[in-house]
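This report describes how the inside of one protein chain is arranged. Please consult the sequence and the structure while reading.

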Amino acid sequence: MPDDDWSTRHSVLTTARRTAALVNALADDRPDPDEVAAVLLAYGETGPVELGPEEVTGMRAAAAPLREVFAAATADGAAAVLNRLLREHTGPLRLTSHGGTAPWHAHVDRDDDAPWAEWLLASSCMALAVLLWDRQRPPGRTCASDSCRNVFVAQGSGPERRYCSRRCATRERVAAHRGRHSAGGSGGAAEGPA
Ligand SMILES: [Zn+2]
C-alpha cells in the first residue's frame with residue numbers, strides 16, 4: 001500500500017509503484033474509469049478525480065509503452081526503452097510543489113495541468129529512470145505467472161521477486177506441487193503443504 005507520509009508521498013519508489021498499479025488497472029481492453037481513479041486517489045491525488053472515457057483511452061495508450069519497461073529483462077533493455085520515451089514524450093526537467101500543496105518533486109511533463117496521459121507517461125519515465133540509475137537493474141518486472149499480466153516494481157535488495165503478489169506466488173506454488181505429484185506417480189517428495 002502507498003505510504004501516506006507527506007515527505008514520501010511523491011518519492012521515487014511510491015511514484016514507480018503508482019505507475020505499476022496504473023499499468024495494471026489500464027491493462028483491460030476497456031479499463032474501468034472508476035478503478036483507474038481509485039488508484040490515483042490511493043496514491044495521494046486530491047479528489048475528486050473524474051476521468052472521462054477519452055482520458056482513460058489516452059492513459060491506456062500511455063501505459064502500453066511503459067509495460068515494455070517492466071518487460072525488459074536487463075538494465076540495458078529497460079534503459080533503451082526509457083531513453084526512447086524520454087526523447088519522444090517528455091519536456092525539460094523542472095521542480096514543482098503544486099503551489100505549496102505538495103512536497104517539492106520533479107516533473108518532466110510540460111506543466112502542472114498537462115493531460116492525464118502526458119502526466120502518466122512523464123512521471124512514470126522519471127521514476128523508472130531514477131530507479132534504474134540507482135540500482136543498475138531493470139526497475140520492474142512482469143509477473144512470472146502465465147495467467148497474470150501484472151507488472152510490479154522490483155524490490156531494492158534481497159531475493160528477486162518473481163510474482164506480482166502473494167496470491168500469484170501461492171497459486172503457482174500449489175500448481176507446481178500438484179504437477180509434481182500427478183507426474184511423479186507415488187509422489188515420494190517429503191514436501192509438506194504450502
Ligand atoms: Zn501475478
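The bend at a residue is the angle between two axes, one fitted to the seven residues ending there and the other to the seven residues starting there. The model discussed here is a predicted one. In helix α3 of this model, a kink of about 25 degrees lies at Ala64, shortly before the proline Pro65.

**Two helices and their spans**

The table sets out the expected and the computed span of α3 and of α4.

| Helix | Residues | Expected span | Distance between end C-alpha atoms |
|---|---|---|---|
| α3 | 19 residues | 27 Å | 27 Å |
| α4 | 15 residues | 21 Å | 20 Å |

For α3, the distance between the end C-alpha atoms agrees with the span expected at 1.5 Å a residue. The distance in α4 likewise agrees with its expected span.

**Buried and exposed residues**

In α4, the buried residues are Ala78, Val81, Leu82 and Leu85. Because these residues cover an arc of only 95 degrees around the axis, they lie on the same side of α4. They pack against α3 and α5. The face of α4 turned away from this buried side carries the exposed residues Asp76, Asn83, Arg87 and Glu88.

Helix α3 has the buried residues Val56, Met59, Arg60, Ala62, Ala63, Leu66, Val69 and Phe70. What covers them includes the helices α1, α2, α4 and α5, together with the strands β3 (140–142) and β4.

**The nonpolar core**

The largest nonpolar core has 40 residues, and those with the most contacts inside it are Leu82, Cys125 and Leu128. Two or more residues each come from α1 (12–25), α2 (33–42), α3 (53–71), α4 (75–89), α5 (116–135) and β4 (151–153). The element that gives the most is α5, with 11 residues.

Leaving aside residues up to four places away in sequence, Cys125 touches Leu82, Leu85, Leu86, Thr90 and Val108.

**A residue in strand β4**

Is Val151, a residue of strand β4, buried or exposed? A residue is buried if 20 or more other C-beta atoms lie within 10 Å of its own. Val151 has 23 C-beta neighbours inside 10 Å and therefore counts as buried.

Again without residues up to four places away in sequence, the contacts of Val151 are Ala20, Val23, Asn24, Arg67, Phe70, Gly140, Arg141 and Thr142. Val151 and Arg17 are 134 residues apart in sequence, while their C-alpha atoms are 9.5 Å apart in space.

Conventions: Residues are numbered from 1 along each chain as its sequence is written. This is a predicted model: local features need pLDDT of at least 70, side-chain atom pairs count only at pLDDT 80 or more; totals for chains, interfaces and linings use all residues. A nonpolar core is a set of buried Ala, Val, Leu, Ile, Met, Phe, Trp, Tyr and Cys residues joined through C-beta atoms within 7 Å. A residue is buried if 20 or more other C-beta atoms lie within 10 Å of its own, exposed if 12 or fewer, and partly exposed in between; C-beta atoms are placed from the backbone. Helices (H or I, at least four residues) and strands (E, at least two) are DSSP runs, numbered from the N terminus. Two residues are in contact if their C-beta atoms, placed from the backbone, lie within 7 Å. The expected span of a helix is 1.5 Å times one less than its number of residues. The arc is that of the directions from the helix axis to the C-beta atoms.
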